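Me: Please take one chain of this model and examine it closely, giving particular attention to its aromatic pairs. I should also like to know how far the prediction can be relied upon there.

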Amino acid sequence: MANPLEQFQIKTLVPIQLGEVDASLTNAGLFMVITVTVISLFLTLGMRQKSLIPGRWQSMAELSYEFIAGMIRDNVGSEGRKYFPFVFSLFMFILFANLIGLIPYAFTFTSHIAVTFTMAMVVFLGVTVIAIVRHKLHFFSLFLPSGVPMVMAPVLIPIEVLSYLSRPISLSIRLFANMMAGHTMMKVFAGFIVPLGIIGGWAPLSVDVALTAFEFLVAFLQAYVFTVLTCLYLNDAIHLH
Amino acid sequence: MSDNKPPETLENLDTRLHQAREKSRAGKTPGSSPGKEEMSGYSMAIRIGTEMVAALIVGVGIGYFLDYWLDTGPWFLVVFFFLGSGAGILNVYRAANGLGMAVGYKEPSGGVSEHLSRDDTSDGVNGNNSKSGGE
């Protein structure tokens, strides 16, 4: 039976060595390039006509714009509008990476913690910098909830700081674990289809069909959760409760 | 809505669009309702789980690193394990209660920030350290 974890292996396609740094194009890098290209094509070609009454493709492009714009308006408010380009890019990148990864033989780079943790770290550092720039030292009042007796402060402040620091970890683990678990599960069931033969093979096959549909849901949901949490963090940074 | 009306002019539509846009911009109070209801049970379960685990990873990681760096036996690991568990439970509580992911949640009424007069900080720190370091 094929190894269900083989699909996550990173293979070097074009070896590039920049001094000490190994900057080779791997299959993960290739699929990132593909993802960005597909998004660019989807949006620019979709909006090519710019008709007042959108066609199917244009309305899909507009729908994704409206979806993120509404998400920012609901969760951050009007001050969040200037962060729209970042949040929109983030959402489209994750969503298309997840969806392209569902194509057979494609590589899902969101199933790698290195990728998701980098994205989460960018969000986390960016949000922290925004908060400090906007609120200066008042930002650190975040770590002591108001109305807490000072006796509790030495215990509570470390807990709040840890809780704050755990944000990028939980953000990245959630996306990576979902994608990795789904793809592994699909491969495990797929590995049973042929060995069980024409009589028993139908059971894992039908499970796989159901899992594929479920994976489409997860692909969208995880992109949504990642962006919605980014919006909530932005809201915290801007309004500081 | 009937289709018998004569088609509107584009200028008319434009002014109405502007009005609607202004209204939707002004009407929202920020941070009032994070989109919670749309989440399914599965994603909620995953979220709560990772929330707990992530805080533990951070706590144990910091503790392990401090011990490795300062060569102080298991003590920082022990202390930060418990702090991490506390942070994890706090995260779960917040996520489940729908308070957003807010660190330092404040009551909307405000005016409670003047509790800073007492200086019991050193007391608590010592109590904490002597418990873990006293053997």
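Reply: The following account takes up chain B, beginning with its architecture and confidence and ending with its aromatic side chains.

The model is predicted, so local features are reported at pLDDT of at least 70 and side-chain atom pairs at pLDDT 80 or more, while totals for chains, interfaces and linings use all residues. Residues are numbered from 1 along each chain as its sequence is written, chains are lettered from A and ligands numbered from 1 in the order written, and side-chain values use heavy atoms, without hydrogens or water.

For the model, the scores are ipTM 0.74 and pTM 0.76. Chain B contains four helices and zero strands, and its elements run α-α-α-α from the N terminus on. Helices (H or I, at least four residues) and strands (E, at least two) are DSSP runs, numbered from the N terminus.

Chain B has 135 residues, of which 23% count as buried; buried means under 20% relative accessible area, exposed over 50%, and partly exposed in between, with a 1.4 Å probe and protein chains only. About 9400 Å² of chain B is exposed, and carbon and sulfur atoms supply 60% of that area. These areas come from the Shrake-Rupley method with a 1.4 Å probe; for residues, only the protein chains shown count as cover. Among the contacts in chain B between residues at least 6 apart in sequence, 49% join residues at least 24 apart, a contact being heavy atoms within 4.5 Å.

Confidence varies along the chain. The mean pLDDT of chain B is 66, with 53% of its residues at 70 or more; pLDDT is the predictor's confidence in each residue, from 0 to 100. Within chain B, helix 3 (residues 75-97) has the highest confidence, at 89, and helix 4 (residues 121-133) the lowest, at a mean of 37. Two stretches of chain B are to be noted. Residues 27-38 of chain B have a pLDDT below 50, and this stretch makes 20 contacts in the model beyond near neighbours in sequence. Residues 101-135 of chain B are also below 50, and this stretch makes 48 contacts in the model beyond near neighbours in sequence. Where pLDDT is low, the predicted coordinates should not be read in detail.

Turning to the aromatic side chains, a search of the whole structure finds 18 aromatic pairs over all chains. One of the pairs is Phe65(B) with Trp69(B), which is stacked, at 6.1 Å centre to centre and 15 degrees between the planes. Rings of Phe, Tyr and Trp (its six-membered ring) pair if their centres lie within 6.5 Å; planes under 30 degrees apart are stacked, over 60 edge-to-face, and the rest tilted. Because Phe65(B) and Trp69(B) are four residues apart in helix 2 (residues 41-70) of chain B, about one helical turn separates them. Phe65(B) is partly exposed, at a relative accessible area of 48%, and Trp69(B) counts as exposed, at 60% relative accessibility.

Phe81(B) and Phe82(B) form an edge-to-face pair, with 5.4 Å between centres and 75 degrees between the planes. Phe81(B) is partly exposed at 37% relative accessibility, whereas Phe82(B) is exposed, with a relative accessible area of 56%.
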